[in-house]
Amino acid sequence: MVLDILCQHNEKFLKNKNENKKRVIMENENKRRIIVSKKIKIGTLISGGGTNLQAIIDSCANGEINGQIIFTGSDVPRVKGLERAKKAGIDTFVVDYRQIIKSAKEDMSSLILPDDFNIEEIRAKQHLICKDKGLDKIDFFLKSRAVAERKLLDNILPYEIDLLVLAGFMRTLTPYFIDRINTVPDRHKIMNIHPALLPAFPGTDGYGDTFRYGCKVGGCTVHYIDYGEDTGPIIGQRAFQIEDNDTLEIVKQKGLELEWQLYPECIQKFALQLLL
Ligand code: GRF
């Protein structure tokens, strides 16, 4: 009887000891990751108000992201997000897509394509525009975007960033641009936040499409960018309930509040090399 009690006691002691040991190993591993992972250099692209950009600026400042935003680029001049970046002391630049596309529409021959642009290669890789649209439409899209994307790259590449974060950047990126950022095979470097639970409702109006479809649950998704529209590997998702009397405005607000939490969390996972 005494021996039994002693044995049980011993087993419990050993179990606790093992669990403590495991806990210490895990704590040390987390500390190591934080020490080992350097502060990552983050580039950001926006098109508008930049509330996600603000959440990322704040998370870098308070240490929730082990990183630093190096620049903010916009495809639209004078948006509020650019002011937010300047206020935080971040370099900014603008590549005016609308202007470039307008000039291309007026006179396609005026487009000066990048030296390293190969239309056959980019056409074969892209999944953004359906082949049924016809070659002219596809080529116009790819060529005009390549001109804008070359300007983006000229601004971006000198910074040698670890991660490019699309924070409400409302332009699709073609394989021409993606291949010049993702230079290491199988290593994604471009992250996006989408206002719906992908793969449902890709495109520009995720919350609107979710609401109009009559969904009872909405959400947001952080994913890597690939050659399709909102089709890249999913990193994180967050969902919310849509109540019967919710308006579209309420749905958007619920979604955005989750985006401001989810995006910094996913960027921090990247910084800690937990996504490799
Ligand atoms: C967000 O809803 C994001 O999911 C979508 O565009 C919106 C940008 O908002 N891609 P903000 O500029 O970050 O306020």
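**Strand pairing, ligand shell and nonpolar cores**

In strand β6 (residues 217–224), 7 of the 8 residues are buried, a residue being counted as buried if 20 or more other C-beta atoms, placed from the backbone, lie within 10 Å of its own. Strands are DSSP runs (E, at least two residues) and helices likewise (H or I, at least four), numbered from the N terminus. The model is a predicted one, in which local features need pLDDT of at least 70 and side-chain atom pairs count only at pLDDT 80 or more, whereas totals for chains, interfaces and linings use all residues. Residues are numbered from 1 along each chain as its sequence is written.

Strand β6 runs antiparallel to β5 (residues 190–194), to which 4 bridges join it, and Met-191 stands opposite Tyr-224 in β6; two strands are taken to pair if DSSP finds at least two bridges between them. With β7 (residues 234–241), β6 pairs in the antiparallel sense over 7 bridges, Thr-221 standing opposite Gln-237.

The ligand is surrounded by 15 residues, of which Gly-49, Thr-51, Asn-52, Gly-168 and Pro-195 are the closest, nearness requiring a C-beta atom, placed from the backbone, within 6 Å. Two or more residues of this shell come from each of α2 (51–61), β5 and α9 (248–271).

The largest nonpolar core, a set of buried Ala, Val, Leu, Ile, Met, Phe, Trp, Tyr and Cys residues joined through C-beta atoms within 7 Å, holds 49 residues, among which Ile-56, Met-191 and Ile-267 touch the most other members. Apart from this core lies another of 8 residues, including Phe-201 and Tyr-207.

Note on methods
Buried ≥ 20, exposed ≤ 12 C-beta atoms within 10 Å, placed from the backbone.
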